[in-house]
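Biologist: Let's talk aromatic rings. Can you walk me through the reasoning behind the labels?

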Amino acid sequence: MLNQATIKRSPIVPIRSFLLIEIVGFLIFFVAAQFDSLKLQLYSAVPLSNFLSYETTKFLFLSGAQLIITIYAFMLWYYESYSVRPGFLSHQWGVFFRKNKSMPLDKSMSVTISSNPFGKWLHYGSINIESGSDNKTMTIADIPRPIEFMRVIERCINPENNHSHVEPNISKLLSLEEHERLEFKSSLRFDHKNNQTNRELENAVMKT
């Protein structure tokens, strides 16, 4: 994984929100059902009652409200992300009004992982970042593969310690013999045997 990444929260987050919406919706429906006679009297005075029955209107209203809340909960998850790059971490969220919280990364910071038993079972957890210099904290909550992302953050805190990407020494490569990771080609697309351009040769070279 490179020294920068965009981190999305686990899909368990919207699933958890959907379950909560269902539970709250059921409780509201149960409580509202205790006042059906009163609501029916009030609805009878509304002009809409001439076109739709009370039961139909109640069903449409509850279904529509539940659908809107569910879509909004999904969009909250979809538009939330964390971006990490050398020396910098930011948190973006919001559906209609985008918000952004940034945090510089320095060597005084400690990075830890926390996860409950359910999170360990589903392979997600939270990354806690705490600065030792100014007591700033940020929690990247409920993300998949937290260990991998923790390593990215640690490399971004100490970019000089990262040796995952080293520029090849061309002169040294040219002095070596061919092996399983090095092969020399006399031409990319010109066929020296037939003294002409050969597209098949070009494809073979690129494939190799």
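Modeller: Sure. Rings of Phe, Tyr and Trp (its six-membered ring) pair if their centres lie within 6.5 Å. Ring pairs link F74, W77, Y78 and Y79 into a cluster. Keep in mind that this is a predicted model.

Biologist: How many aromatic pairs turn up in the whole structure?

Modeller: The search finds 4.

Biologist: Why is the pair of Y72 and F96 called stacked?

Modeller: Stacked needs planes under 30 degrees apart. Here the planes sit at 15° and the centres are 6.2 Å apart, so the pair qualifies.

Biologist: What makes that pair a tie between separate parts of the sequence?

Modeller: Y72 is in helix α3 (residues 54–78), while F96 is in the loop between β3 (88–93) and β4 (99–104), so the pair ties together parts that are 24 residues apart in sequence.

Biologist: Why does F96 count as exposed or buried?

Modeller: Exposed means over 50% relative accessible area. F96 has 66% relative accessibility, so exposed it is. Y72 has 39%, so Y72 counts as partly exposed.

Biologist: And what makes Y78 and Y79 edge-to-face?

Modeller: The label needs planes over 60 degrees apart. Y78 and Y79 have 90° between the planes, with 5.2 Å centre to centre. Y78 is partly exposed at 48% relative accessibility, and Y79 is partly exposed too, at 34%.

Biologist: How do you know that K8 lies over the face of W77?

Modeller: For Lys, NZ has to be within 6 Å of the ring centre and within 35 degrees of the ring normal. K8 lies over the face of W77 at 5.2 Å from the ring centre. K8 also lies over the face of Y78, at 5.3 Å from that ring centre.

Notes
Residues numbered from 1 in each chain as written. Predicted model: local features only at pLDDT ≥ 70, side-chain atom pairs only at ≥ 80, totals over all residues. Heavy atoms only, no water. Helix = DSSP H or I, 4+ residues; strand = E, 2+ residues; numbered from the N terminus. Buried < 20%, exposed > 50% of the residue type's maximum accessible area, 1.4 Å probe, protein only.
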